[in-house]
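Let's take a walk through this one, strand by strand. Have the viewer open and follow along.

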Amino acid sequence: MSGEILDNRGRGTAGWSWPSIHPEGRKFGLISAALSLGAALMAWETIAWPLAFLTLGVLAFFRDPVRVTPRDDKLVVSPADGLITLIQKVPPPRELCADDGSGVRGMSDEPVTRVSIFMSVFDVHINRSPIAGTIRRVVYIPGKFLNADLDKASEENERQHFLVERGDGVQIGFTQIAGLVARRIVPFVKGGDIVAVGQRVGLIRFGSRVDVYLPAGTEPKVLMGQKCVAGETILAEIGEAPMIEGIGQ
C-alpha cells in the first residue's frame, strides 16, 4: 500500500532468516559432508562425527548474511566483521601510492589514520566496500602467513590492496591480509568496476585482518576493542572533499 514502510528486502515485515552460504564455500561444505557420509556408511563413527561438525563449521564460516548499510555519502562503513585491534597514523601502502603506469592517480604518501580489523574464524569473512565509487586498483601481493594480529603482518603477509575513489575524488584504500590459517584471498571485483557502499568485494578464507586507510584529516568514530559489522558499522565521517585539479571544482 502507498506509504508502507518496507524492510531492506522490499517487504512490509522484517524477521530473522538463515543466512545464505556463499558459493565460494559450498564446494568445501559438500566435500566435508561427503567425507562424513562416507565414514558413516563405513561405520567409522569416530571419524564421521568430527567430519559432520567440520561440515557445520565450514558452512558457518562461509555464511553470507544480509546487511543493512547506512545511505549517506559522508559515511565510511566497515569493510569487515571483527575486532578493532589497531588505530594508527601511518603512510598508506606504496602499492596504493606509487605510479603504476596506468595513469590512475594513487593516494598521497602522507600518513593517514589506519584502522585494523581482526577477523576470527567465528566472524563473517565476506568483505565489503567502505564507500561507493570506482575501484581504481586491485593489487595482490604474495607473502608470509604470520599472525594477522601483528603490526608487521600488513607489510609481510599475503595481502590484497583495493583503492576506491568517489566521484568527487575522495579516495579510500583498504587491504585484505591473510593470517595463520588463511591461505587464499578471493576478489569479487577488478579495477574499473563501480561499487556501491557495502557491496561485497571479496573474502579471505579462514580468518585474518582488514586494514582501512581513511582520507587525510578524517578521524575514526570507533575505538580500540570495538566489534564491527561489515557494511553496517560506521568507521568515520568524511568532511568536505579536497580540491583536486579537474575534480570537485
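**Starting from a pair of strands**

Strand E4 (residues 82-90) and E5 run antiparallel, joined by 7 bridges. If you want a spot to look at in that pairing, try Leu 86, which sits opposite Ser 116 in E5. Keep in mind that what you're looking at is a predicted model.

Now stay on E5 and turn to its other pairing. E5 also runs antiparallel to E13, and 6 bridges join the two. Ser 116 turns up here again: its bridge partner in E13 is Asp 211. So how well covered is strand E5 (residues 112-119)? Mostly: 7 of its 8 residues are buried.

E13 deserves a stop of its own. The strand spans residues 208-213, and Ser 208 is found in it. The UniProt annotation "active site", from an unreviewed entry, covers Ser 208. UniProt, again in an unreviewed entry, also places the feature "modified residue: Pyruvic acid (Ser)" at Ser 208. Both of these come from the record, and such annotations may be inferred rather than shown by experiment. What the coordinates add is the exposure: Ser 208 has 3% relative accessibility, so it counts as buried, the limit being under 20%.

Next, move to E7. Strand E7 (residues 133-141) and strand E11 (residues 194-195) run antiparallel and are joined by 2 bridges. In that pairing, Gly 133 has Val 195 in E11 as its bridge partner. E7 is also joined to E8, by 7 bridges, and these two run antiparallel as well. There, Arg 137 has Leu 163 in E8 as its bridge partner.

There is an open sheet to find, too. It is formed by 3 strands in the order E6-E12-E10, with antiparallel pairing. Why is one side of strand E6 (126-128) and of strand E10 (185-187) left without a neighbour in the sheet? Because each of them stands at an edge and has a single partner strand. From one strand to the next, the twist averages 25°. As a general reminder, strands of a sheet pair through backbone hydrogen bonds, either parallel or antiparallel. In this sheet, E10 and strand E12 (residues 200-204) pair in the antiparallel sense over 3 bridges. You can pick out one of the matches by finding Val 186, whose bridge partner in E12 is Leu 203.

**Over to the rings**

How many aromatic pairs does a search of the whole structure find? The count is 2. Take Trp 49 and Phe 53 to begin with: this aromatic pair is tilted, at 6.4 Å centre to centre with 35° between the planes. Both residues lie in helix H2 (residues 45-61), 4 residues apart, which is about one turn of the helix. Buried or exposed, these two? Trp 49 is exposed, and so is Phe 53.

The other pair is Phe 162 with Phe 174: the ring centres are 4.9 Å apart and the planes are at 10°, so the pair is stacked. It links distant parts of the chain, with Phe 162 in strand E8 (residues 159-165) and Phe 174 in strand E9 (residues 171-177), 12 residues apart. Phe 162 counts as buried because its relative accessibility is 0%. Phe 174 is buried too, with a relative accessible area of 1%.

While you're at helix H2, have a look at Leu 56, which lies in that helix. Leu 56 has 54% relative accessibility, so it counts as exposed. Its C-alpha is 7.8 Å from that of Gly 29, although Leu 56 and Gly 29 are 27 residues apart in sequence.

**Stepping back**

Time to zoom out. The protein chain has 4 helices and 15 strands. Of its 249 residues, 45% count as buried. The accessible surface of the chain comes to about 12,900 Å², and 60% of that belongs to carbon and sulfur atoms. As for contacts, take those between residues at least 6 apart in sequence: 74% of them join residues at least 24 apart.

Note on methods. Residues numbered from 1 in each chain as written. Predicted model: local features only at pLDDT ≥ 70, side-chain atom pairs only at ≥ 80, totals over all residues. Heavy atoms only, no water. Pairing = 2+ DSSP bridges. Axes fitted to C-alpha atoms, helices over the stretch in contact; angles between N-to-C directions. Phe/Tyr/Trp six-rings, centres within 6.5 Å; stacked < 30°, edge-to-face > 60°. Buried < 20%, exposed > 50% of the residue type's maximum accessible area, 1.4 Å probe, protein only. Contact = heavy atoms within 4.5 Å. Areas by Shrake-Rupley, 256 points an atom, 1.4 Å probe, with all protein chains shown as cover.
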